[in-house]
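Trainee: I would like to go through this model and ask what the labels rest on.
Mentor: Go ahead, and take the terms one at a time.

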Amino acid sequence: MENTIHIGLIREDKHPHDNRVAFTPKQCQWIMHHFPQVRLYVQPSPLRCFTDEEYEKAGIPLQEDLSGCAILLGIKEVPVDKLIAGKTYLFFSHTKKKQPHNQHMLQTMLQKNITLIDYECLVHPDGQRILGFGFFAGIVGAHNGLMAYGEKTKSFHFKRVHTCHDFQELIAHYFGIKLPPLKIVITGSGRVAAGALEIMGLLGIKYLPPEEYLINSYAYPVYTQLKAGELYLKKDDKTYSRTDFHAHPENYECRFLPYVTASDILMNGIYWDHNIPPLFQAADLKKDNFRIQVIADITDDTNGSIPCNLGDSTIEDPVYGVTKDTMEQTAPYLPGTIDMMCVSNLPNELPRDASQYFGDQLMKYVFEELLKNDSDMISRATITSKGALSPAFDYLEDYAKGIS
């Protein structure tokens, strides 16, 4: 076929290695069945969560050399020496905020006439992001927060998520685990919060409205959820507007403080940037009534919405302690400290499920657009096109020239 479109799934070569993939073997099969003009190829990888054999069994050819493909799909940034000139790449580039560590990569893409479509910039007509791993970050983050609390209090024991083959195995692990009475506050209302709520449901933890949660005690585990409009109110008239808040966060104050005296675990899934006030201040940790023992900072901004986030932890070593008086990092699970779970790549603990979820969104909303000659959705997410910055991203010009 003259108009065959060759698409390659590239190996993740960035360190530390990511084990997720844009399409699972079954999704590749589905695409080739429903789009006969498309041919998919998979670069072999010993680390991918779906093995080379699984792709071969699904009839997807393994191919080291993907130079015959027009479109290449990955997950994380591609090392500069692996970039193939003249291709169209899709991955999370982390360049739109002028991130210094990816400046050289963007410059190389421009030199090599590469078209870069950033997953993060693919949005529905109303501006909502299409793709993301937030739901599985929320699932793993909530599990890890509870796991840390169980270890700190010696009241129950959770297995590590990354030892499970998939989400089904994790769900089976919850059968019969009885949690002590404890109070959990979840912040946010996006995908991360949805993932945390999924864990609350699986464990039978009861939801309470914020006002009841604050004043009552219970003989069983409970949680409440604080959305942005309950967390942040305008200083002058105590109202909340989403668009105004994102435009002028400095006019808002944070109303989280009462919850530090009523909660055992905080699961943080709220959007944050440096103009938004933190949930509490470092000085609040020193107060006798600061009750929170474990913080699962799923959004994970160092010194961000959680002042005692002192930096990332790892999947292998997910929890560290913080002393309340001096805010120094210490070993986890010590008495009188706060335990922090700040893993930045949580979905990697459930890579098969996270990949399937991601690929589903990609197939439903993006794939047909990608095959069109002209798509608004795709052009809005295109950072570089054939060696030049797209008009929407021309603010990156100084960054691309090495000035900033």
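Trainee: Where is Lys154 found?
Mentor: This is a predicted model. In it, Lys154 is found in the loop between H4 and helix H5 (167-173).

Trainee: What makes the phi of Lys154 worth a remark?
Mentor: Its phi is positive, about 55 degrees, although Lys154 is not a glycine. Most residues other than glycine have a negative phi.

Trainee: Why is Lys154 called exposed?
Mentor: Exposed means over 50% relative accessible area. Lys154 has 67% relative accessibility, so it counts as exposed.

Trainee: Which term fits Tyr333: buried, partly exposed or exposed?
Mentor: Buried requires under 20% and exposed over 50%, with partly exposed in between. Tyr333 has a relative accessible area of 25%, so it is partly exposed. Tyr333 also has a positive phi, about 65 degrees, and is not a glycine. Tyr333 lies in the loop between strand E14 (329-330) and strand E15 (337-341).

Trainee: What joins His15 and Pro16?
Mentor: A cis peptide bond, with omega about -10 degrees. Most peptide bonds are trans. Pro16 is found in the loop between strand E1 (5-9) and helix H1 (25-34).

Trainee: How do you know that the span of helix H4 (residues 134-153) is close to the expected one?
Mentor: The expected span is 1.5 Å times one less than the number of residues. H4 has 20 residues, for which 28 Å is expected, and H4 reaches 28 Å from its first C-alpha to its last.

Trainee: What makes H4 mostly covered?
Mentor: Of its 20 residues, 18 are buried, where buried means under 20% relative accessible area.

Trainee: Why are two strands of the open sheet called edge strands?
Mentor: The sheet has eight strands in the order E7-E8-E6-E11-E12-E15-E13-E14, with mixed pairing. Strand E7 (206-207) and E14 are the edge strands, as each pairs on one side only. H4 packs on this sheet and touches several strands, among them strand E6 (183-187) and strand E12 (294-297). The direction of H4 makes about 160 degrees with that of E12.

Trainee: How do you know that strand E13 (residues 319-323) and E14 pair?
Mentor: Pairing needs at least two bridges. Two bridges join E13 to E14, and these strands run antiparallel. Gly321 stands opposite Thr330 in E14.

Trainee: Which residues is Cys254 in contact with, leaving aside its neighbours within four places in sequence?
Mentor: Contact means heavy atoms within 4.5 Å. Cys254 is in contact with Leu231, Tyr232, Pro277, Pro278 and Leu279. Cys254 is found in strand E10 (residues 252-254).

Methods:
Residues are numbered from 1 along each chain as its sequence is written. This is a predicted model: local features need pLDDT of at least 70, side-chain atom pairs count only at pLDDT 80 or more; totals for chains, interfaces and linings use all residues. Side-chain values use heavy atoms; hydrogens and water are left out. Helices (H or I, at least four residues) and strands (E, at least two) are DSSP runs, numbered from the N terminus. Buried means under 20% relative accessible area, exposed over 50%, partly exposed in between (1.4 Å probe, protein chains only). Axes are lines fitted to C-alpha atoms, for helices over the stretch in contact, and angles run from 0 to 180 degrees between N-to-C directions.
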